[in-house]
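Good morning, and thank you for coming. Please look at the sequence and the model on the screen while I speak.

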Amino acid sequence: MISSTINGLVLNLKPREREVLSSRFGLTKKDRDTLAALGARYGITRERVRQIEAEALRRIREEIAAEQLENLVAYVTKHLNKFGGARKEDMLVQDLRSLLKDNDLHSLHLRFLESAQGQPRYYFEDEEFHPFWYIDEEVVKALKKFVSYLEKVLVAKKDELLARGKFSDYLSEAARTHAISEPVALNYLSISRKFKANPFGDFGLTAWEEIDPKTMGSKAYVVIKKLAKPLHFREVANEINKVKFDAKKALPQTIHNELIKDDRFVLIGRGMYGLREQGYLPGTAREVVTRILRKEGPMTPEKILQAVLKQRKLERNTIMLNLQNKKFFKRMADGKYTTAK
């Protein structure tokens, strides 16, 4: 196992060297002490702590366990190669824990290998990537090139992707273009901060509201869009809490306020909202009837009722009472209704 091997190597050092390496690489408490903290503890300078650390690593590398270190690095490198030469930090640690049945292993053990042998290499997290381990700079270039390429493809095909869910097709084509397997392609995407799957299983860019909604209004939009039907604002809040976009709880009144102020949502009944893009248009019952008649021409009362009920959750009597308003509607000789003007 990696953890027990490294812990055993450190035991062969002088007491001060052993204490410094154990503290710097979390070998006893899984936390890494800073040079400054160790300097203060021992009453020496940060530079002196750094020198002790470097000398201890040199001794392990050159005098104590060169072959053991090389074997550990070779094992980790072989595993990384299965994933295209790179692996997200937490995923690699979990992989190795499972494969080696090494529950004590943590990322600082790998940082120990990097400091002692120069392999594997560690990529610190930034705005575009999660922290990850990799083999060499060529792997990083290939990873970044693939991520950038697929991002451009998805931006160009956003509407089709969200409407038809054809991400696998785009992924397959991008993988072939870059001469990598689909598992490697997916592994590269897991390292990038730009890609994500939402709770409904839709995969895309985190910049897209439909994939990574950050406000309650955005979450309400995604829920109503995915369920493809109008919902009461309390139902919207319940659905948001059920799918768990994140740890924030949706309160019914907060959701109601968001639905009221965002013109993407249309009130179609008491507390019930649909989306404009789903065909719902704002307006009173009278305005809805007027809009339908102007578009379709004269209609029988029953046809009007059917058309309005597709737009609004209203009582039939409410619709019929509006039709009796002679200022706006008139009944024709054949019993059909049309607008008064």
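In what order do the strands of the open sheet of 3 strands lie? The order is β6-β8-β7, and the pairing is antiparallel. I should say at once that this is a predicted model.

Let us take the sheet strand by strand. Its edge strands are β6, residues 231-232, and β7, residues 265-269, each of which pairs on one side only. Strand β8 covers residues 272-275, and 2 bridges join it to β6 in an antiparallel arrangement. Across that pairing, L231 stands opposite Y273 in β8.

On the other side, β7 and β8 also run antiparallel, and here 4 bridges join them. In this pairing F265 faces L275 of β8. β7 and β8 make a hairpin with 2 residues between them, and in the turn G271 has a positive phi of about 75°. As for its surroundings, β7 is mostly covered, since 4 of its 5 residues are buried.

I turn now to a pair of helices. Two packed helices are described by the angle between their axes and the distance between the axes. Helix α12, residues 216-227, packs against helix α13, residues 233-243, at an angle of about 95°, and the axes are 9 Å apart. Angles of 65 to 115 degrees count as roughly perpendicular, and therefore α12 is roughly perpendicular to α13. Which residues make the contact? From α12 they are M216, K219, A220, V223, I224 and L227, and from α13 they are V236, E239 and I240. Sorted by class, the contact of α12 with α13 comprises 7 nonpolar and 2 charged residues, with no polar ones.

Helix α13 also holds N241. N241 is partly exposed, because its relative accessible area is 22% and buried means under 20%. Apart from neighbours within four places in sequence, N241 is in contact with K248, K249 and A250. N241 and N12 are 229 residues apart in sequence, and their C-alpha atoms are 54 Å apart in space.

Next, consider R24, which is found in helix α2, residues 15-24. Is R24 buried or exposed? R24 counts as buried, because its relative accessibility is 12%. Its side chain reaches the backbone oxygen of D33 at 2.8 Å. Beyond neighbours within four places in sequence, the contacts of R24 are R32, D33, T34, L35, L38 and E53.

Helix α10, residues 167-177, has the buried residues F167, Y170, L171, S172, A174 and A175. Among the elements that cover them are α8, α9, α11 and β5. Just after α10, A179 takes a positive phi of about 55°.

That brings me to backbone geometry. Most residues other than glycine have a negative phi, and most peptide bonds are trans. A228 is not a glycine, yet its phi is positive, at about 55°. A228 is found in the loop between α12 and β6, and it is exposed, with a relative accessible area of 58%. K244 likewise has a positive phi, near 60°. K244 lies in the loop between α13 and α14, and its relative accessible area of 59% makes it exposed.

Finally, which residues does a cis peptide bond join? They are Q119 and P120, with omega about -15°. P120 is found in the loop between α7 and β2.

Thank you for your attention.

Conventions. Residues numbered from 1 in each chain as written. Predicted model: local features only at pLDDT ≥ 70, side-chain atom pairs only at ≥ 80, totals over all residues. Heavy atoms only, no water. Pairing = 2+ DSSP bridges. Axes fitted to C-alpha atoms, helices over the stretch in contact; angles between N-to-C directions. Parallel < 35°, antiparallel > 145°, perpendicular 65-115°, else oblique. Contact = heavy atoms within 4.5 Å. Nonpolar A, V, L, I, M, F, W, Y, C, P; charged D, E, K, R; others polar. Buried < 20%, exposed > 50% of the residue type's maximum accessible area, 1.4 Å probe, protein only. Polar contact = N/O pair within 3.5 Å; in protein donor to acceptor, adjacent residues only side chain to side chain.
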